[in-house]
Amino acid sequence: MGRRTIRVDSLARVEGEGSLHLRIKDTQVDEVRLEIFEPPRFFEALLRGRDFNEVPDIVARICGICPVAYQMSAVHALEKLLGVRVTGSLRDLRRLMYCGEWIESRVLHIYMLHAPDFLGYESAIEMAKDHFGIVERGLQLKKAGNAVIRSLGGREIHPINVRVAGFYKVPSRCDLHSLRDSLDWARDAAAETVRWTAGFECPDFQQDYEFVALHHGDEYPMNEGRICSSAGMDVEARSYDAHFEESQVPHSTALHSVIKQRGAYFVGPLARFNLNRDRLAPAALELANEVRLETSCRNPFRSIVVRAVEVLHACDEALRLIDRYELPERAALELNPCAGIGFACTEAPRGILFHRYELDEKGIVLNAKIVPPTSQNQATIENDLRSFVGSHVNLPDDELRWKCEQSIRNYDPCISCATHFLSLDIERS
């Protein structure tokens, strides 16, 4: 067989910039490299020497799609270090803000980035020509999530109202109740989205993953919980470094994260769903059953349906939190700086997000460590590609390229918050 090479210069339906190299020899996959070549932005170094109160505003700039996740992981880690615990209405407001981010981020991925793959379009703009009403529904759903973030965070992108131990300003009951109409509509639209995505034709691709997600005794995990896995892991965030390790690989500027002695693992909606299905809001669980979403779903191409279920759950949870909201006595708890190390892990839309901070006695950041979801999934993405291409090696190059790109988008990777991700190089010999 002669050698054949296919190149795709860029792919705009994921966030980040990099390339994929596939080498196929004698109908066997010889090499898979997910190459990340964007320069790092050194946020961990930027935090050193800063007062701990500056951290939430700085880390929000890491991602324009999920700034709340970075703020929540940061404030939880710092509060554990400082010995304070936010409860009651302040905790509810944080969870409500996270609901807003889950809605807007999930909907962006479902409608604008991933659905075109299943329907055969190059972009959401092309898809809108034939399905304008569906794309319009997606945009309205995203606006509902953005409105929640704006109400609590001061603005939709890079919120400025979050602080360690609370908020700078808390909303009135009237402020929150003004969100109800849009969330009521969003709830119905989310249910329609579940049924719509459940009708997509997915490749039959079952893998044996080790799923990793937070698990909470009383709720579907967002802000809090223990780090658990489908292989029996059950640890606190402070034990993260004892169980996970990052390493540099020659073909990527981004670190690969693995479980020590076990290897690659899978974080994100599929992991959350498999480990916490029984914690979903009743309506979300009922609809998951209605569309026959497997109790143990191991097909990453079905993750788009799980994301839709999580949108419905976030809408229900947001409405529940709004209805029970009582104005707290104060917007933030009192704090006294002290030296120490704090750890926290929350569930960003794409999966667990780990933060660790070390402060001196004046509350100045000495060291910071941030492990985003995409770096934790990179090794699993490569494993998926190796297995998927190995099973579909006889597809024409154009079709194989399309399927590889779709497989990567199953993970909604966010490499740097840029707009391009992939150049694809396939070698056949």
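Two strands count as paired when DSSP finds at least two bridges between them. I kept that rule at hand while going through this predicted model.

**Entry 1: the whole chain**

I started with the overall picture. The protein has 429 residues, and 61% of them count as buried. Its secondary structure comes to 14 helices and 14 strands. I then looked up how far apart in sequence the contacting residues lie. Among contacts with a separation of 6 or more, 74% are between residues 24 or more positions apart. The exposed surface comes to about 17000 Å², with carbon and sulfur atoms supplying 48% of it.

**Entry 2: strands β11, β12 and β13**

Next I followed β12, residues 351-359, and looked for its partners. On one hand there is β11 (residues 340-348), which pairs with β12 in the antiparallel sense over nine bridges. I found Gly351 of β12 as the bridge partner of Ala348. The hairpin that joins β11 to β12 passes through two residues.

β12 also runs antiparallel to β13 (residues 365-371), and six bridges join them. Here I noted that Phe354 has Val371 of β13 as its bridge partner. These two strands form a hairpin as well, with five residues between them. I checked the backbone in that turn and found that Gly363 has a positive phi of about 85 degrees.

How many residues of β12 are buried? I got seven of the nine, so the strand is largely enclosed by the rest of the structure.

**Entry 3: helix α10**

I moved on to α10, residues 269-276. Eight of its eight residues are buried, so this helix is largely enclosed by the rest of the structure. The buried residues include Arg272, Asn274 and Asn276, along with Leu270, Phe273 and Leu275. Pro269 and Ala271 are on the buried list too.

**Entry 4: the cavity**

Rolling a probe the size of a water molecule over the atoms shows where empty space is left. I searched the whole structure and found one cavity of 30 Å³ or more. Its volume is about 40 Å³.

Which residues line the largest cavity? I listed Phe266, Val267, Gly268, Pro269, Leu270, Ser303, Arg307, Arg350, Asn377, Asn410 and Tyr411. Helix α10 turns up again here: α10 and α12 (303-323) each supply at least two residues of this lining. I sorted the lining residues by type and got five nonpolar, four polar and two charged.

Note on methods. Residues are numbered from 1 along each chain as its sequence is written. This is a predicted model: local features need pLDDT of at least 70, side-chain atom pairs count only at pLDDT 80 or more; totals for chains, interfaces and linings use all residues. Side-chain values use heavy atoms; hydrogens and water are left out. Helices (H or I, at least four residues) and strands (E, at least two) are DSSP runs, numbered from the N terminus. Buried means under 20% relative accessible area, exposed over 50%, partly exposed in between (1.4 Å probe, protein chains only). Contact means heavy atoms within 4.5 Å. Accessible areas come from the Shrake-Rupley method with a 1.4 Å probe; for residues, only the protein chains shown count as cover. On a 1 Å grid over the protein atoms alone, a cavity is a set of points where a 1.4 Å probe fits but cannot get out, and a pocket is an open set with protein on both sides within 12 Å along at least five of seven lines; lining residues have an atom within 4 Å of a point. Grid points are joined across faces, edges and corners, and a volume is the space filled by probe spheres set on the points. Ala, Val, Leu, Ile, Met, Phe, Trp, Tyr, Cys and Pro count as nonpolar, Asp, Glu, Lys and Arg as charged, and the others, Gly among them, as polar.
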